[in-house]
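Subject: The structure for you to look at

Hi,

Here is the structure I promised to pass on. Have a look at it first, and then read my notes underneath.

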Amino acid sequence: MQFQQLQYFVAVAETRHFTRAAERVHVAQPSLSQQIRALERELGADLFLRARGNITLTDAGEALLPLARRILADADTARHEVQELVQLRRGRVRLGATPSLCTGLLPDVLRAFHDRYPGIRLLIEEGGSHDLVRELARGALDLALVVLPLPTPAPALTTVELLREDLVVVSSPEAPAPGGGGRVIRIADLAGERLVMFRHGYDLRELTVAACRAEGFEPDFAVEGGEMDAVLGFVRAGLGVAVVPRMVATRAGRGLRVTPLARPGLHRTIALAHRSDVAPPRAARELQRMLLER
């Protein structure tokens, strides 16, 4: 009994038509009929009653059908399990993240993942949450780290909250301390500061501008339009202050003064997102597990 013969048998049993069954399994109809007859000879029983325009299962066919389906399903499961194991030795993970997360959260996790699975290629795409959600929806990414709430409703995505991170104000040690030099600074104190601001579409830009407007003022930009590294560089040069995630400020090292925001402060919620209708590949699920357990 050959595996291929069982595939052909199930196709005929489900379509009740030899020609349509042959089309389903991509084989010529005479070849399919020949393999079905060979299977019947081996089993010593007819599997189908063949009347013109009417194909039905015999008792032997009815008995074989659930067993054949189980064998095919088990074979598919075995193939899938082996492929899953292979995927952890080679393959790729396509991960999207905001630039600040690429700077702050990802380096340690990706290093641990690479140490454990050196054969997996890591493809990282930086972008704002809006862009990453779009890339997830069209299947260009396996996972994405996004800022909640999402810019637009995304019912086709599953999100799992990863962390809630404080935002801080960074400034150059060579410039006067923002907010009068206190240990903390209020959002309202930023009305007297010139800000180095991220480009449009950057989650941190939208959050900072909204917080300033909630305090009744429009922020004054000294420079705007940069990505994270550029913004930190402009702050070090003394062009202004910026509101950034604490994790980024901690990693940025020397050349920055870090001032916490007074309570209630500003925070952002980071989530891990993937498509709801497609399970991420095994390697992507393993990276997901490491991010959630970090």
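First, how far to trust it. This is a predicted model, with a mean pLDDT of 90 for the protein, and 98% of the residues reach 70 or more. Confidence isn't even along the chain, though: helix 5 (residues 99-104) has the lowest, with a mean of 80, while strand 7 (residues 194-198) has the highest, at 95.

Now go to helix 1 (residues 3-15) and helix 3 (residues 29-43). They pack with their axes 9 Å apart, at an angle of about 105 degrees. Angles of 65 to 115 degrees count as roughly perpendicular, so that is the word for how helix 1 lies relative to helix 3. Which residues make the contact? From helix 1 you get Gln5, Leu6, Tyr8, Phe9 and Val12, and helix 3 brings in Leu32, Gln35, Ile36, Ala38, Leu39 and Glu42. Sorted by class, that contact between helix 1 and helix 3 has eight nonpolar residues, two polar ones and one charged one.

Just along from there is something to click on. Arg16 is in the loop between helix 1 and helix 2 (18-24). Arg16 isn't a glycine, yet its phi is positive, at about 55 degrees. Most residues other than glycine have a negative phi.

While we're on the backbone, most peptide bonds are trans. Here are two that are cis. One joins Leu148 and Pro149, with omega about -5 degrees, and Pro149 is in the loop between strand 5 (143-148) and strand 6 (157-171). Another runs from Arg263 to Pro264, with omega near 5 degrees. You'll find Pro264 in the loop between strand 10 (257-260) and strand 11 (267-275).

Last stop, the inside. How many cavities of 30 Å³ or more does the structure hold? Just one, and the largest cavity has a volume of about 40 Å³. To find the largest cavity, pick out its lining: Thr98, Pro99, Ser100, Gly127, Gly128, Tyr202, Asp203, Leu204 and Arg268. Helix 5 and helix 8 (203-214) are the elements that each give two or more residues to that lining. By class, the lining has three nonpolar, four polar and two charged residues. Keep in mind that helix 5 is also where confidence is lowest.

That's my tour. Shout if anything is unclear!

Cheers

Technical notes. Residues are numbered from 1 along each chain as its sequence is written. This is a predicted model: local features need pLDDT of at least 70, side-chain atom pairs count only at pLDDT 80 or more; totals for chains, interfaces and linings use all residues. Side-chain values use heavy atoms; hydrogens and water are left out. Axes are lines fitted to C-alpha atoms, for helices over the stretch in contact, and angles run from 0 to 180 degrees between N-to-C directions. Helices (H or I, at least four residues) and strands (E, at least two) are DSSP runs, numbered from the N terminus. Angles under 35 degrees count as roughly parallel, over 145 as roughly antiparallel, 65 to 115 as roughly perpendicular and the rest as oblique. Contact means heavy atoms within 4.5 Å. Ala, Val, Leu, Ile, Met, Phe, Trp, Tyr, Cys and Pro count as nonpolar, Asp, Glu, Lys and Arg as charged, and the others, Gly among them, as polar. pLDDT is the predictor's confidence in each residue, from 0 to 100. On a 1 Å grid over the protein atoms alone, a cavity is a set of points where a 1.4 Å probe fits but cannot get out, and a pocket is an open set with protein on both sides within 12 Å along at least five of seven lines; lining residues have an atom within 4 Å of a point. Grid points are joined across faces, edges and corners, and a volume is the space filled by probe spheres set on the points.
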